[in-house]
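Thanks for sharing this one. Here are my notes, in numbered points, to read alongside the model.

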Amino acid sequence: MFSSKKGQFKYLKTQPIRIGILTIILLFMCAAVFMIGFITKGTSKNIFTVVAVLGMLPVAKLIVSFIMCLKAEKNTCPKEIFDSVNEIIGNADLALGYDFYLTSYKLNFPLYSCFVYDGSLIALCADSKTDLKACKEHIEKYLMNNSIDGIKVYILDNKNIYFDRLKSVPSDYVKTEKDLTAYALIKNLSL
């Protein structure tokens with residue numbers, strides 16, 4: 001039901017639901033712990049209150065994640081792009097994923113899809129207002145900081161050019177360790 005792994009199609013669409021349900025469950029658990037302490041001890045000044053308050057720390061973190069995922073949800077990869085990509089790649093074993101939302105201090109970078117092939121990281125940008133150069137520099141900075149050398153970054157805003165790049169990949173291509181390392185970095189940078 002839920003695409004719970006980064007890089008899966010519709011990940012950004014299902015994350016707010018998943019995180020929202022988890023937040024509500026944890027919130028009720030904290031309330032239950034507090035109420036148990038209040039009912040059994042007759043006061044809020046007890047260890048149960050301390051446990052309930054400390055339990056609210058992960059709830060607060062989940063609320064922040066929930067808000068960020070709600071903001072990113074509108075950038076879910078459209079089904080027609082997903083279907084076109086799958087049709088093009090066939091049986092090729094690529095480091096390929098969907099629904100990435102990279103964040104930086106100043107800007108956010110929504111990416112419909114991204115793949116790494118033969119020393120190139122190619123991504124299709126979801127938003128026409130996104131600063132492609134800043135997105136490229138952001139990824140290159142993290143590649144350099146993580147000692148991942150020899151990867152050229154291409155951020156595209158035209159799906160036809162992206163599809164052409166995918167078509168240039170041989171059908172018998174098998175991803176390399178460098179491909180997997182660069183792809184893992186993109187997944188780690190994404191929401």
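1. A good place to start is a single cross-strand pair: S113 sits opposite L124 of strand 3. Please keep in mind throughout that this is a predicted model. Strand 2 covers residues 108-117 and is joined to strand 3 by six bridges, the two running antiparallel. Another partner pair across these strands is L111 with C125 of strand 3. The hairpin formed by strand 2 and strand 3 has two residues between the strands, and D118 there adopts a positive phi near 50°.

2. On its other pairing, strand 3 meets strand 4 (residues 152-156) in the parallel sense, over five bridges. L124 turns up again here, with L156 as its bridge partner in strand 4. Between these strands comes helix 4 (residues 132-145), and strand 3, helix 4 and strand 4 together make a right-handed β-α-β unit.

3. How many residues of strand 3 (residues 120-125) are buried? The count is six of six, so to speak a strand that is mostly covered. In a regular strand, side chains alternate between the two faces of the sheet. Here S120, I122 and L124 point one way, while L121, A123 and C125 point the other way, and all are buried.

4. Strand 2 has a similar story to tell. Nine of its 10 residues are buried, so strand 2 is largely enclosed by the rest of the structure. Strand 1 (residues 95-103) pairs with strand 2 in the antiparallel sense, through eight bridges. Y101 stands opposite P110 of strand 2, and the hairpin that joins strand 1 to strand 2 does so through four residues.

5. For the aromatic side chains, the count comes to seven pairs. One of them is F82 with Y98: the ring centres are 5.0 Å apart and the planes lie at 65°, so the pair is edge-to-face. The angle cut-off behind that label is over 60 degrees. F82 belongs to helix 3 (residues 79-89) and Y98 to strand 1, so this pair ties together parts that are 16 residues apart in sequence. Are these two residues, F82 and Y98, buried or exposed? Both are buried. F9 joins F82 and Y98 in one aromatic cluster.

6. The salt bridges are quickly listed, since the count comes to two under the 4 Å cut-off between nitrogen and oxygen. In helix 3, the side chains of D83 and K79 meet at 3.0 Å, N to O. D83 and K79 are four residues apart in helix 3, which means about one helical turn between them. D83 is partly exposed at 35% relative accessibility, and K79 is also partly exposed, at 46%.

7. The other salt bridge links E140 and K136, with 3.8 Å from N to O. These residues are four apart in helix 4, so about one helical turn separates E140 from K136. E140 counts as partly exposed with 32% relative accessibility, and K136 is partly exposed with 33%.

8. Lastly, a look at the surface. Which residues form a nonpolar patch there? They are I47, V50, V51, L54 and L57, and their accessible area together is about 490 Å². V50 lies in helix 2 (residues 47-72). With a relative accessible area of 44%, V50 is partly exposed.

Methods: Residues are numbered from 1 along each chain as its sequence is written. This is a predicted model: local features need pLDDT of at least 70, side-chain atom pairs count only at pLDDT 80 or more; totals for chains, interfaces and linings use all residues. Side-chain values use heavy atoms; hydrogens and water are left out. Patches are made of residues with over 30% relative accessible area and no salt bridge: like charges are joined within 9 Å, nonpolar side chains (Val, Leu, Ile, Met, Phe, Trp, Tyr) within 5 Å. Accessible areas come from the Shrake-Rupley method with a 1.4 Å probe; for residues, only the protein chains shown count as cover. Buried means under 20% relative accessible area, exposed over 50%, partly exposed in between (1.4 Å probe, protein chains only). Two strands pair if DSSP finds at least two bridges between them. A crossover is right-handed if, with the strands pointing away from the viewer, the path from the first strand over the helix to the second runs clockwise. Rings of Phe, Tyr and Trp (its six-membered ring) pair if their centres lie within 6.5 Å; planes under 30 degrees apart count as stacked, over 60 as edge-to-face and the rest as tilted.
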